[in-house]
Amino acid sequence: QWGSAVSIGAGGGARVATGSDGAAVVVWRLARPEGFFEFDIWGSYRVGPGAWQTPEMLSVETDGNANRVPAVAMDPSGEAIAMWQQQPGQFPNLHSSALLSSGGWQAPELVTLPDNPSAGTPLIVADADGNYLAAERSFDTNANQGTFLSIRSTPSGEWSDPSTIRVGSGTNSAVLKMRPDGTAIAVWQEIVIQNTTSISGVWSNQYAPTGGWGSARQIDNVSSSGSGADVALDGQGDALAVWLQAEGNILDGTFVTNDWYNRLASGSWGTPEEVASEASAPRIAADDEGNAIAVSGDRPDPAEPFVYDLLRARRFTPTGGWGGPVPVGPETGGSFEHRIAMDARGNALVVWEQEDGDVNSIWYNRYTPGGGWEGAQPLESGAADANDPRISIDPQGTATVVWSQSGVWARHFR
């Protein structure tokens, strides 16, 4: 059942993570009253199903402008680490703050990345034992080269020296996911050169706690541009990656974007295949048995080549492959910024921003393996525009959704 929508604090760009038994943490940006496009990072948390704690400012204003959205992860013990980019001068760097069960939020810490003066937007994940893995794309302006790096820590520990995921000037739009056992996968978009022409490709690398990162490889259709990847990990050691594959030419009217996928099984990626034609922005989640649901925007009108606003879901099973498209959102208006989360038993929640002509609202739809999709419903009823929903679900199936609506709001499902 859904709890009540709760206003957490002023600001926007909220990101959420869950621990276990209803524990959750939210971090976000808040504009400084005296600054122009200058921000600080704030955070709040909930212990179990209790009330949200009073928000605290995590960043230090004198450390520079925190003008990018933060990242956060929480482990099953209810401890967490928030990470953000902050720019004190010419080059941005990374800062982190730990949330400890014994002492609340800790003072922010500068995360040092040797020989990489310009830090990128961070990603962070946690395993069941409280080990955290963070990744970011640093750029060395002297060498004109980017490096996709990772570092490890625990909430009460120090950050490790960085490990290299990939060296290259064009790594963008990365996603990092981790299993409870500490194994992880990163997928990202990378600029590749084919016959003197620059196109984007989807790449991946795998991480093991004992051996670190393996070798990065391209996993998409190399004959056209892939971007906007997402990845889901199951409990069997396998993974499914989905992405947008752009094909054709805008000038001659043949341009189209399709959703593609590749499956990692028994440690090896397979052959990329198309999932949906004339679709965009796929997001995916999986359960412990390897069943997955991908949600994307389908194009309703072939005469509108860049409008993908009808939300469709496609379910994957390891034995049967992909099923057909099922409507998730309303058939009128536009559905955007969709996100999906799934628990270990295969129950899933999709949230998105719905355009209805007057104000944009946050909607949801719930899937259960025994009953299918329950039907699209509004998640909130505020008078102001709502946008940028994010969702996280814990091992017991308690989900927390956050969004921006003249401030940061949250609502949980148990």
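Q: How many cavities of 30 Å³ or more does the structure hold?
A: This predicted model holds 2 cavities of 30 Å³ or more. The largest has a volume of about 50 Å³, and the second largest has a volume of about 40 Å³.

Q: What makes a residue such as Trp260 part of the lining of the largest cavity?
A: A lining residue has an atom within 4 Å of a cavity point. Trp260 is listed in the lining of the largest cavity, together with Val242, Asp259, Val275, Ala276, Pro282, Ala294, Ser296 and Arg314. Strands β22, β24 (273-276) and β26 (292-298) each supply at least two residues of this lining.

Q: What is the make-up of the lining of the largest cavity in nonpolar, polar and charged residues?
A: The lining divides into 6 nonpolar, 1 polar and 2 charged residues.

Q: Which residues line the second largest cavity?
A: Its lining consists of Ala232, Asp234, Asp238, Ala239, Leu240, Arg263, Ala286 and Gly290. These divide into 4 nonpolar, 1 polar and 3 charged residues.

Q: Why is the contact between Arg263 and Asp238 called a salt bridge?
A: The closest N and O atoms of Arg263 and Asp238 are 3.7 Å apart. The cut-off is within 4 Å, so the pair qualifies. Arg263 lies in strand β22 (residues 256-265) and Asp238 in the loop between β20 (225-233) and β21 (239-247), so the pair ties together parts that are 25 residues apart in sequence.

Q: Why is Asp238 called buried, and why is Arg263 called partly exposed?
A: Asp238 has a relative accessible area of 12%, and buried means under 20%, so Asp238 is buried. Arg263 stands at 26%, which falls between 20% and 50%, so Arg263 is partly exposed.

Q: How do you know that Arg166 and Glu190 form a salt bridge?
A: Their closest N and O atoms are 2.8 Å apart, which is within 4 Å, so the pair counts as a salt bridge. Arg166 belongs to strand β14 (residues 163-167) and Glu190 to strand β16 (residues 184-194), so the pair ties together parts that are 24 residues apart in sequence. Glu190 has 4% relative accessibility and therefore counts as buried, while Arg166, at 22%, counts as partly exposed.

Q: What makes Arg32 and Asp40 a salt bridge?
A: The closest N and O atoms of Arg32 and Asp40 are 2.9 Å apart, so the pair satisfies the limit of within 4 Å. Both Arg32 and Asp40 are buried.

Q: How many salt bridges are counted by this rule, and which residues are linked in a network?
A: The count comes to 12 salt bridges. Arg15, Asp388 and Arg390 are linked in a network of salt bridges.

Terms used:
Residues are numbered from 1 along each chain as its sequence is written. This is a predicted model: local features need pLDDT of at least 70, side-chain atom pairs count only at pLDDT 80 or more; totals for chains, interfaces and linings use all residues. Side-chain values use heavy atoms; hydrogens and water are left out. A salt bridge is a side-chain nitrogen of Lys or Arg within 4 Å of a carboxyl oxygen of Asp or Glu. Buried means under 20% relative accessible area, exposed over 50%, partly exposed in between (1.4 Å probe, protein chains only). Helices (H or I, at least four residues) and strands (E, at least two) are DSSP runs, numbered from the N terminus. On a 1 Å grid over the protein atoms alone, a cavity is a set of points where a 1.4 Å probe fits but cannot get out, and a pocket is an open set with protein on both sides within 12 Å along at least five of seven lines; lining residues have an atom within 4 Å of a point. Grid points are joined across faces, edges and corners, and a volume is the space filled by probe spheres set on the points. Ala, Val, Leu, Ile, Met, Phe, Trp, Tyr, Cys and Pro count as nonpolar, Asp, Glu, Lys and Arg as charged, and the others, Gly among them, as polar.
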